[in-house]
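This report reads a single protein model from its open spaces outward to its sheet, its helices and a few local details of the backbone.

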Amino acid sequence: MIIDSHQHFWKYEPKKHSWIDDDMAVIRKDFMPASLKKTYFENGIDGCVAVEANQSTMETDFLMDLASKNDFIKGIVGWVDFRADDIEEVLKHYHQFPIVKGFRHVVQGEADHNFLLRPDFLNGISKLEQYNFTYDILVFPHQLGAVLEFVKKFPKINFVIDHIAKPYIKDGFFEGWAVLMEAIGKEPNVFCKLSGMITEADYNTWKPEQLQPYMQWVLDAFGADKLLFGSDWPVCLVAGNYQKVKEIVTNFIAQLPEEDQAKIMGLNAIKFYNL
């Protein structure tokens, strides 16, 4: 079974989706399940995990509603305010709904490099364990030092790093990212998504060969048991198409035994998110 572990839906609103800048104008429109279902059929995808694209509980509810009407959405990663005083009550509420698998915060957008280590945020994250929720880590490379310290505080919570931590592929940045990713990969409860890579390269001139060293590094660091294929649709459309994104991963992992390929393309996502 092939599972896309990372994609988004939205009804485009300029203010809500202000992160979609002029260079990404091609995705300034609605992206809803009907168009993705067609894309999945064309590319042999069996299901997906829908991830928040706006930081509000309304977004979480929006994704829950879409999942209730589209059975190919196997789980959702929503948003809650981990710094809120009522975080435990909020998590208890969402625990009623099996489709909610975990949560994410757009830490990459926080000015504080150590945002993950703020006491109020840590307090909120600590509540995930009792409800068996996962947490998606969305950061830039300069925040990976905090990530390493962060994940070590919660050995019983399952974490996954989105988009291989967004190394600056366009600029050839590698070493600083690589050292910390290797260390983070040693933590048994931390997984990594092979996703979002072409949009970290030059949108118009990227080549698969540019991505190879980054994929090989995370394969070596995390192992085939802890990598998840993700498309980052529709964001990926600013630099390519779904078929190209899938082929980047399938061509790369063709070197591996079929058992490991099956894990990366779906079984690990099923295990991680309890789909």
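How many nonpolar, polar and charged residues does the lining of the second largest pocket have? In this predicted model, that lining has eight nonpolar, five polar and four charged residues.

**Pockets and cavity**

The second largest pocket has a volume of about 280 Å³, and of the 17 residues that line the second largest pocket, Lys101, Tyr131, Asn132, Phe133 and Asn274 are the closest to its centre. Strand 4, helix 5 (128–131) and helix 10 (258–273) are the elements that give two or more residues to this lining, and helix 10 gives the most, with three residues.

The largest pocket holds about 660 Å³ of space. Its lining is made up of 26 residues, of which Trp19, Met24, Gln108, Lys166 and Val235 lie nearest the centre, and by class this lining has nine nonpolar, seven polar and ten charged residues.

The structure also holds one cavity of 30 Å³ or more, and about 80 Å³ of space lies in the largest cavity. Among the residues that line the largest cavity are Leu194, Met197, Ile198, Cys236, Val245, Ile248 and Val249, together with Ser195, Gly196, Thr199, Gly230 and Ser231. Helix 9 gives the most to this lining, with three residues. The linings of these spaces, sorted by residue class, are set side by side below.

| Space | Nonpolar | Polar | Charged |
|---|---|---|---|
| Largest pocket | nine residues | seven residues | ten residues |
| Second largest pocket | eight residues | five residues | four residues |
| Largest cavity | seven residues | five residues | no residues |

**The sheet and the helices on it**

Eight strands in the order 1-2-3-4-5-6-7-8 form an open sheet, and their pairing is parallel. Strand 1 (3–7) and strand 8 (227–229) are the edge strands, each of which pairs on one side only. On average, and with direction ignored, neighbouring strands of this sheet are turned by 25° against each other.

Within the sheet, strand 3 (residues 73–78) pairs with strand 4 (residues 100–105) in the parallel sense over three bridges, and Ile76 stands opposite Val100 in strand 4. Helix 9 (residues 242–253), which was met above in the lining of the largest cavity, packs on the sheet and touches strand 1, strand 7 and strand 8, its direction making about 155° with that of strand 8. Helix 6 (residues 144–152) lies across strand 5 (134–137), strand 6 (159–161) and strand 7 (190–194), and runs at about 170° to strand 5.

**A salt bridge involving strand 4**

Side chains of opposite charge can pair when their charged atoms come close. The structure holds 15 salt bridges, and one of them joins the side chains of Arg104 and Glu52, at 2.8 Å from N to O. Because Arg104 lies in strand 4 and Glu52 in the loop between strand 2 (47–51) and helix 2 (57–69), this pair ties together parts that are 52 residues apart in sequence.

**Backbone details**

Most residues other than glycine have a negative phi, and most peptide bonds are trans. Two places in the backbone deserve a look against that background. The peptide bond from Trp233 to Pro234 is cis, with omega near 0°, and Pro234 lies in the loop between strand 8 and helix 9. Asn132 has a positive phi, near 60°, although the residue is not glycine. The place of Asn132 is in the loop between helix 5 and strand 5, and Asn132 is also one of the residues closest to the centre of the second largest pocket.

Definitions and conventions:
Residues are numbered from 1 along each chain as its sequence is written. This is a predicted model: local features need pLDDT of at least 70, side-chain atom pairs count only at pLDDT 80 or more; totals for chains, interfaces and linings use all residues. Side-chain values use heavy atoms; hydrogens and water are left out. Two strands pair if DSSP finds at least two bridges between them. Helices (H or I, at least four residues) and strands (E, at least two) are DSSP runs, numbered from the N terminus. Axes are lines fitted to C-alpha atoms, for helices over the stretch in contact, and angles run from 0 to 180 degrees between N-to-C directions. Contact means heavy atoms within 4.5 Å. On a 1 Å grid over the protein atoms alone, a cavity is a set of points where a 1.4 Å probe fits but cannot get out, and a pocket is an open set with protein on both sides within 12 Å along at least five of seven lines; lining residues have an atom within 4 Å of a point. Grid points are joined across faces, edges and corners, and a volume is the space filled by probe spheres set on the points. Ala, Val, Leu, Ile, Met, Phe, Trp, Tyr, Cys and Pro count as nonpolar, Asp, Glu, Lys and Arg as charged, and the others, Gly among them, as polar. A salt bridge is a side-chain nitrogen of Lys or Arg within 4 Å of a carboxyl oxygen of Asp or Glu.
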